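Okay, thanks for coming, everyone. I'll take a few minutes to walk through one model, starting in the core and working outwards. Have a look at it first.

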Amino acid sequence: MANSKYEYVKKFEMEDKLPPCNWIIVRIDGWHFHGFSDTHEFDKPNDENALNLMNSCAVSMAEHFTDIVFAYGVSDEYSFIWSERSQSYGRRASKILSLCVSYFTSMYVIKWKDFFPQKDLKKPPCFDGRIVLYPRVKMVRDYLCWRQVDCHINNQYNTCCWMLIKSGKSEKEAQELLKGTLAKDKNELLFQQFGINYNELPDIFRKGSCVYKDYAEETVKVDTCGNPVKRRRERVVVGHFDIIGDGFWDEHPYILKED
C-alpha cells in the first residue's frame, strides 16, 4: 500500500493480541432473546428444536475454527474453548471475537429452516460475545462447571415456573410461590403437583450440550484380498453429559491436554 499523509490515523488502533499460553474462551450469548423466543413462539420452558439449532451452529463453529477443542451450550448461550496453543488470527482478540459472533449468527440464520420448517424468521437473531482467558486447565474445568451448575439451577426454576403458569398462575404468582425455595422444594413441587420427576427430564435440558471432536474407525476401501482398510477419522459430535465430575474428561484426555 502506498504511503500517504493520512496514514498517521493507524497509530490510534489498539493492540489487542492475547497473551500466549492461555486458553481462550469465547462466550456467545443471545441478545434480547426473551423477545425473540416470544416472537417465534418457542416452547416453554425448553424448545428442543431451538436447542438443536444452537447445537448445529456450534458444530459448524468447531468444524470451521479448527482450534476450538470443546464447546458447551445451554439455552441461547454457547462457550467455545480455543486451544492454549492457538495462533489463529495472530491471537488478536477483536478478530477472534468478531469472527466467532458473526459466523455463529450467520449459521443460525442459514440453518433456521432446518429446525423450524413451518416458521418464518420474523426478526434477526442477535448475539453478543466476550473473551475470557485462563492460564490453567483447572480454571477451564471450573469455568465449565460453573456454566453447567447454572444450567441446572436455571432449568429447574424455569421448569417449575412454567408448569405453574400453564396450570393457571400468573407469572408474578408463580415467582412468589418459588421465592426462597430450595432445590428439594422445587423437585417436590414438580412431583407432587405435576407428576414430574425432574431427574427423568431429558439430559439436554438438565445438563446442556457438549460439542467436541471424537475419533472413530471408518472403512475407506477394500483391498485386493477383500479385507476392509480402515482409517481413524475425526468427527465433531454433540452429547449431553455431566462435565463436573472426572468421568467424561478421563475418557477424553486429549480435549484439554495441557502443554
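**Starting from the core**

Setting aside anything up to four places away in sequence, F104 touches I28, M54, C57, A58, M61, F80 and F127. Before I go on, please keep in mind that this is a predicted model. F104 belongs to helix α3, which covers residues 93-115. Its relative accessibility is 0%, so F104 counts as buried. There's also a longer-range pairing to point out: C126 is 22 residues along the chain from F104, and their C-alpha atoms are separated by 9.8 Å.

Now take one of those contacts, M61, and look from its side. M61 sits in helix α2. Buried or exposed, at 0% relative accessibility? M61 is buried, because buried means under 20% relative accessible area and M61 comes out at 0%. With neighbours up to four places away left out, M61 touches I28, I68, F80, C100, Y103 and F104. If you compare the two lists, I28 and F80 turn up for M61 and also for F104. The C-alpha atom of M61 is 9.3 Å from that of A71, ten residues apart along the chain.

**The overall picture**

Let me zoom out for a moment. The protein has eight helices and six strands. Reading from the N terminus, the order is β-α-α-β-β-α-β-α-α-α-α-β-β-α. Of its 259 residues, 40% count as buried. The C-alpha atoms fill a box of roughly 70 × 70 × 40 Å along the principal axes. And for contacts between residues at least 6 apart in sequence, 72% join residues at least 24 apart.

**Helix α6 and what sits over it**

Next, α6, which is residues 183-194. How far apart should the ends of this twelve-residue helix be, at 1.5 Å a residue? The expected span is 16 Å, and the end C-alpha atoms are 16 Å apart, which agrees. Within α6, the buried residues are K186, L189 and L190. Looking down the axis of α6, those buried residues fall within an arc of 95°, so they line one face of the helix. The general background is that an α-helix has 3.6 residues a turn, so residues three or four places apart point the same way.

On the face of α6 turned away from the buried side, you find K184 and Q192, which are exposed. As for what covers the buried residues of α6, that includes α4 and α5. And just after α6 there's G195, with a positive phi of about 65°.

From the α4 side, have a look at Q156, which is in that helix. Q156 has a relative accessible area of 4%, so this one is buried too. Leaving out neighbours within four places in sequence, Q156 is in contact with A183, K186, N187 and Y198. Notice that K186 is also one of the buried residues of α6.

**The pocket and the cavity**

On to the empty space. The largest pocket has a volume of about 900 Å³. Its lining has 35 residues, and H34, K44, P45, S75 and N158 lie nearest its centre. Which helix gives the most to that lining? That would be α4, with ten residues. Elements supplying at least two residues each include β1, α1, α2 and α4, along with α5 and α7. By class, the pocket lining splits into 15 nonpolar, ten polar and ten charged residues.

Then there's the enclosed space. How many cavities of 30 Å³ or more does the structure hold? One, and the largest cavity has a volume of about 40 Å³. Its lining is made up of L51, M54, N55, G73, V74, S75, Y78, I204, G208 and S209. The largest contribution comes from α2, with three residues, while α2 and β2 each supply at least two. This lining has five nonpolar, five polar and no charged residues.

Two names there should ring a bell. M54 lines the cavity and also touches F104, so to speak back where we started. S75 is in the cavity lining and is among the residues nearest the centre of the largest pocket.

That's the tour. Happy to go back to any view you'd like.

Definitions and conventions. Residues are numbered from 1 along each chain as its sequence is written. This is a predicted model: local features need pLDDT of at least 70, side-chain atom pairs count only at pLDDT 80 or more; totals for chains, interfaces and linings use all residues. Side-chain values use heavy atoms; hydrogens and water are left out. On a 1 Å grid over the protein atoms alone, a cavity is a set of points where a 1.4 Å probe fits but cannot get out, and a pocket is an open set with protein on both sides within 12 Å along at least five of seven lines; lining residues have an atom within 4 Å of a point. Grid points are joined across faces, edges and corners, and a volume is the space filled by probe spheres set on the points. Helices (H or I, at least four residues) and strands (E, at least two) are DSSP runs, numbered from the N terminus. Ala, Val, Leu, Ile, Met, Phe, Trp, Tyr, Cys and Pro count as nonpolar, Asp, Glu, Lys and Arg as charged, and the others, Gly among them, as polar. The expected span of a helix is 1.5 Å times one less than its number of residues. Buried means under 20% relative accessible area, exposed over 50%, partly exposed in between (1.4 Å probe, protein chains only). The arc is that of the directions from the helix axis to the C-beta atoms. Contact means heavy atoms within 4.5 Å.
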